Amino acid sequence: MATIASLSVRGRRRRTGIYGRQGSAGWLFVAPVVLILGLFLLLPILMALFVSFTRWNGQGSPFTGSVPMAGTGNYTKLFGQDGLARLDFMTSIRNNLYYVVLVVPLQTVLALSLALVVNQRLLRGKSFFRTAFFFPSVTSSVAISVVFLFIFTNGGAVNALLAVFGIKGPQWFSDPRGIIHVVLANAGLTSPPAALTGNSALGLSYWEWLSGPSVAMCAIIALVVWTTSGTFMLMFLSALQNLSVELDEASLLDGATRWQRFRHVTLPQLKPTTFLVLTLGLIGTWQVFDQIYVMSQGNPAKTTLTPAFLSYRTAFKDFNYGSGAAISFVLFLIIVVMMLIQRWVMRDRDAPVPDGRRRFPFFGSASSVRAGGQS
Amino acid sequence: MTTLVDAPPAGRTPPVPPRPPAARPEGSPGGRLATRIGGYAVLAFFAVVFIYPFIIQLSSSFKTEADAAAHPLSPVPQVLDFTSVLRIFDGTSFLTWLGNSVLVTVIITIGRVFLDSLAGYALARLHFPGRAVLFGAILAMMSVPGVVLLIPKFLVLKQLGLYDSYAGLILPVLVDAAGVFIMKQSFESVPVQVEEAARIDGAGIFRTYWSVVLPMMRPALITLTILAFQNSWNEFPHTLVAVQSPSLFTLPRGLADLVSGSLGAGTQYPLKLGAALLATIPVAVLFFVFQRYFVRGANEGGSKG
């Protein structure tokens, strides 16, 4: 018996090579992660993909023969057919586009400015300021949305502050006017040109496309910029602390002014971080959900509707799960495109590292944005 | 596009054209003082912008509703009023939400720290067939944005009969691909000789991992613990598609429910703000105690490159 046992051990060892029992141990170690991610991430995506081709209304199981199939109908309704589905979807795309166009530059510039000021060598109380700016991004998005809802009420802190300067603040969360429309109206354009209202693209008139974010959306934009800037400031700060001191001193000796040194010495060295922050912003801003849910539910007049919230509402409020799932997949595609842009922009930066490990922050980034306040 | 990444490494000639000294060189005492004062002014302004909303939140929780509406900017209540704070406890299900949040957060945090590090160790150190493919898959899963998973998660929870249960609230988020990635990277920074020595002394694979390598990973484990705690404490969208019974609500879900009008009459902002404040305290305390780990966690995505 003993010989047989030792023989079989030797036999197995020969098969698995020098790493012995590592093969089975390895799979045992990763099993829980594989099981949970497979069951609650991979499988559900496939299920939802199937559902996006059906007209399931939430009754019973979507995986029986009795569920009516929609083919590609749920997708074509979003782009091709005139109707409420396309109108809502395109409105949400417009809203989110304006949101991206404002949030991404604002949070990047604010984060960089804060980092530059905090990084000043002679500054006292550096850690206090860093803490103050970073703190909002670790708090719960729901809790902070409640605070901003209060601050932006009609008689709230923001309007009270504006009143101090003699400005009558708008009724933030019930004001659906686009700010471009508001500006044009103030400039005397009372009735929109027929060329813009008469023609339309994808179900929305040019005039509607060019509305700008609504006043309500601006309040949400303010909240998001306020919460996310802290995280991005930290990224800039850690990049600033790794800058070459020699370069700065050399330019100082050459007589460069403060602005020249910033523009021609510091900024070029910050390029990789700036692109990281910009692209993380592009990825994160398409995922805005919590704030919309708590603060506006897509109102007023659908001007804060975003694809993420529309997808949720279509499925769980209108019980049109097929259409809701289709919207999520289109949104998924948009975000994947943003990630590919990021990968493409960052490719040179990561190329020189030989072992290939450092290529991966591309993947790490999306989730760190979630950690940093978007979630 | 190559010009986009021309950040010069240290030692190369700086891209500064030689220019005559400026009118007010940086070194002059006057200029330096002005810069400092300007810097402090900017910082003070932004510090107010970033901190004042929390002060309003704190003070408004102790205001009467009329006071909160009439003096939205005032940092102190006219009369200290505890009605709203008390009503948080006897007028809402706050304690139920708190209990659920604590339960869910503790289990998820323990689960993530243990399971993520276990998988991270295997991916970093153990040689098993399919390792590279598996790691690639985990990276891909990391990049799947959470908001597009709402309907998918609902479908699978319904199908498995886990909808509207604690299991549904916990299981799908018990591990996270990002945590596995962080742990793998950290395990790779430990010299392999340590494990070889343990192996030679006769320690098994789990024992080597558990009592030799893991104790060396304290900073990474603390970072992971904090990220897991913060994420699960603040998690909102998942609870939205996993449960519907008010008895299973966590704090963010309960708060969102308060805002959407489950309170009945009036806006009741003092109550809502107070509840939101209480929900913020645990993460705030953790933040002030372990700030440098939060900073590390935030930079995890950025500084790795």
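Visitor: Why does A:Q297 count as partly exposed?

Guide: First off, keep in mind that this is a predicted model. A:Q297 has a relative accessibility of 30%. Buried needs a value under 20% and exposed a value over 50%, so A:Q297 at 30% falls in between and is called partly exposed.

Visitor: Where does A:Q297 lie?

Guide: You'll find A:Q297 in the loop between helix 15 and helix 16 of chain A. Its phi is positive, about 55 degrees, although the residue is not a glycine.

Visitor: What makes a positive phi worth a remark?

Guide: Most residues other than glycine have a negative phi. A:A301 goes against that too, with a phi of about 50 degrees, and it is not a glycine either. A:A301 is found in the loop between helix 15 and helix 16 of chain A.

Visitor: Why does A:A301 count as exposed?

Guide: The cut-off for exposed is over 50%. A:A301 comes in at 60% relative accessibility, so exposed is the right word.

Visitor: What kind of peptide bond joins A:N299 and A:P300?

Guide: A cis one, with omega at about -10 degrees. Most peptide bonds are trans. A:P300 has its place in the loop between helix 15 and helix 16 of chain A.

Visitor: On to charges: what makes A:D88 and A:R313 a salt bridge?

Guide: The closest N and O atoms of A:D88 and A:R313 are 3.4 Å apart. The limit is 4 Å, so the pair passes. This bridge links distant parts of the chain: A:D88 is in helix 4 (residues 84-118) and A:R313 in helix 16 (residues 307-316), 225 residues apart. Both A:D88 and A:R313 are buried. They also belong to a network of salt bridges together with A:K302.

Visitor: How do you know that A:E208 and A:R94 meet in a salt bridge?

Guide: Here the N to O distance is 3.1 Å, so it is within the 4 Å limit and the name fits. The pair joins helix 10 (residues 206-209), home of A:E208, to helix 4, home of A:R94, across 114 residues of chain A.

Visitor: Is A:R94 buried or exposed?

Guide: Buried: its relative accessible area is 5%, and the bar is under 20%. A:E208, at 34%, counts as partly exposed.

Visitor: How many salt bridges does a search of the whole structure find?

Guide: It turns up 9 over all chains. One of them is A:D248 with A:R261, at 3.2 Å from N to O. A:D248 sits in helix 12 (residues 245-253) and A:R261 in helix 13 (residues 258-269), 13 residues apart. Both A:D248 and A:R261 are buried.

Visitor: What about rings: how many aromatic pairs are there over all chains?

Guide: The count comes to 50. Among them is B:Y209 with B:W210, a tilted pair.

Visitor: Why is the pair of B:Y209 and B:W210 called tilted?

Guide: The centres are 6.3 Å apart, so the pair makes the 6.5 Å limit. The planes are 50 degrees apart; stacked would need under 30 and edge-to-face over 60, so tilted is what remains. B:Y209 is buried at 0%, whereas B:W210 is partly exposed at 45%.

Visitor: Which residue has its charged end over the ring of B:Y269?

Guide: That's B:K272, at 4.8 Å from the ring centre, which is within the 6 Å distance limit. B:K184 lies over the face of B:F135 too, at 4.1 Å from the ring centre.

Methods. Residues are numbered from 1 along each chain as its sequence is written. Chains are lettered from A and ligands numbered from 1 in the order in which they are written. This is a predicted model: local features need pLDDT of at least 70, side-chain atom pairs count only at pLDDT 80 or more; totals for chains, interfaces and linings use all residues. Side-chain values use heavy atoms; hydrogens and water are left out. A salt bridge is a side-chain nitrogen of Lys or Arg within 4 Å of a carboxyl oxygen of Asp or Glu. Helices (H or I, at least four residues) and strands (E, at least two) are DSSP runs, numbered from the N terminus. Buried means under 20% relative accessible area, exposed over 50%, partly exposed in between (1.4 Å probe, protein chains only). Rings of Phe, Tyr and Trp (its six-membered ring) pair if their centres lie within 6.5 Å; planes under 30 degrees apart count as stacked, over 60 as edge-to-face and the rest as tilted. A charge sits over a ring if NZ of Lys or CZ of Arg is within 6 Å of the ring centre and within 35 degrees of the ring normal.
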